[in-house]
Amino acid sequence: MTNNKLGSNMAKGLLFVLSGPSGVGKGTVCTALRGKLPKLVYSVSATTRSPRAGEVDGVNYFFKTREQFLDMMQNDELLEHAEYVGNYYGTPRDFVEKTLQSGNDIILEIEVQGALQVKEKFPEGVFIFLLPPSLDELKDRIVGRGTESKATIDHRMSVAVDEIGLMKHYDYAVVNDEIDCACKRIESIIVAEHCKVRQ
Ligand SMILES: Nc1ncnc2c1ncn2[C@@H]1O[C@H](COP(=O)(O)OP(=O)(O)OP(=O)(O)O)[C@@H](O)[C@H]1O
Ligand SMILES: Nc1nc2c(ncn2[C@@H]2O[C@H](COP(=O)(O)O)[C@@H](O)[C@H]2O)c(=O)[nH]1
């Protein structure tokens, strides 16, 4: 039977990627967006990083040993993966594909090397880069979170400069100066992308 409802060809969900240096507020923004956009589903990554206090396996991450992660890579279970500051991170492929097929949107909160791999596979994805108001403010946020050692903070800050240099590969840049404003900008991007005429 023909479905002649206007707009019915837009049934597949959209893939959003949110990147930005460690501590810029990606997780905070994603938490704030939860509930505001009912069609938006969050991808849970696999990582070899140890859980932080309060992090729950299967909710914040799927926590894996190095061997388990390498198995996932070899079995082609990951849409993308990257080594970041001494640990592996990757996006389970199956969940992303099934979410999009079901008509829901998905958002991947991932670093830039992985985002560029996703762009190769999903050029139609929407790539958003979250910026701090300044590098000093970025450092204050990572330090203030209280989760990383001084050495890890220094390493993450040095990677941050390179990451910001790759922002040119993204479709949108949003400054996370104030959390409500940043969320509103990202919500606006998501709404606009749904109104876009796609070939
Ligand atoms: N707009 C903001 N103003 C002030 N503080 C903020 C803002 N957004 C986030 N923060 C704070 O900055 C810290 C880092 O935020 P968050 O953990 O969300 O960063 P992230 O980008 O997800 O980091 P990572 O990549 O390391 O996981 C948190 O303590 C959070 O409360
Ligand atoms: N390439 C990927 N990067 C990921 C993934 N999941 C998270 N991340 C990014 O790693 C860093 C560090 O995260 P943290 O939780 O240890 O602070 C951060 O930029 C995340 O966005 C992933 O699946 N692939």
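**Two ligand shells and a helix pair**

Visitor: Into which classes do the residues of the shell around ligand 2 divide?
Guide: In this predicted model, the shell around ligand 2 holds six polar, five charged and four nonpolar residues.

Visitor: How do you know which residues surround ligand 2?
Guide: A residue counts if its C-beta atom, placed from the backbone, lies within 6 Å of the ligand. For ligand 2 there are 15 such residues, and the closest are Ser45, Tyr89, Ile110, Glu111 and Gly114. Strands S5 (78-84) and S6 (87-92) and helix H4 (112-121) each supply at least two residues of that shell.

Visitor: Why is Gly114, one of the closest to ligand 2, put in a class at all, and which one is it?
Guide: Gly is listed among the polar residues, so Gly114 counts as polar. By that scheme Tyr89 and Ile110 are nonpolar, while Glu111 is charged.

Visitor: What makes up the surroundings of ligand 1?
Guide: Ligand 1 has 14 residues around it, with Ser22, Gly25, Gly27, Thr28 and Arg141 coming nearest. The shell has eight polar, four charged and two nonpolar residues. Helices H1 (26-33) and H5 (135-145) each supply at least two of them.

Visitor: Which residues of H5 and H6 meet?
Guide: Contact needs C-beta atoms within 7 Å. On that basis Leu138, Lys139, Ile142 and Val143 of H5 meet Ile153, Arg156, Met157 and Ala160 of H6. Six of the residues in this contact are nonpolar, two are charged and none is polar. Lys139 and Arg156 are the charged pair, because Lys and Arg belong to that class.

Visitor: Why is the crossing of H5 and H6 called right-handed?
Guide: The name applies if the near helix is turned clockwise from the far one, so the right-handed label for H5 and H6 reports that sense of turn. Their axes lie 11 Å apart, at an angle of about 145°.

Visitor: What does UniProt place at residues 13-191?
Guide: Its unreviewed entry gives "domain: Guanylate kinase-like" there. The span is 42% helix and 22% strand, and its end C-alpha atoms are 12 Å apart.

Visitor: What confidence does the predictor give the complex?
Guide: The complex has an ipTM of 0.99 and a pTM of 0.96. The protein's mean pLDDT is 94, with 94% of residues at 70 or more.

Technical notes: Residues numbered from 1 in each chain as written. Chains lettered and ligands numbered in written order. Predicted model: local features only at pLDDT ≥ 70, side-chain atom pairs only at ≥ 80, totals over all residues. Helix = DSSP H or I, 4+ residues; strand = E, 2+ residues; numbered from the N terminus. pLDDT = per-residue confidence, 0-100. UniProt positions renumbered as here; feature names shortened; annotations may be inferred. Axes fitted to C-alpha atoms, helices over the stretch in contact; angles between N-to-C directions. Contact = placed C-beta atoms within 7 Å.
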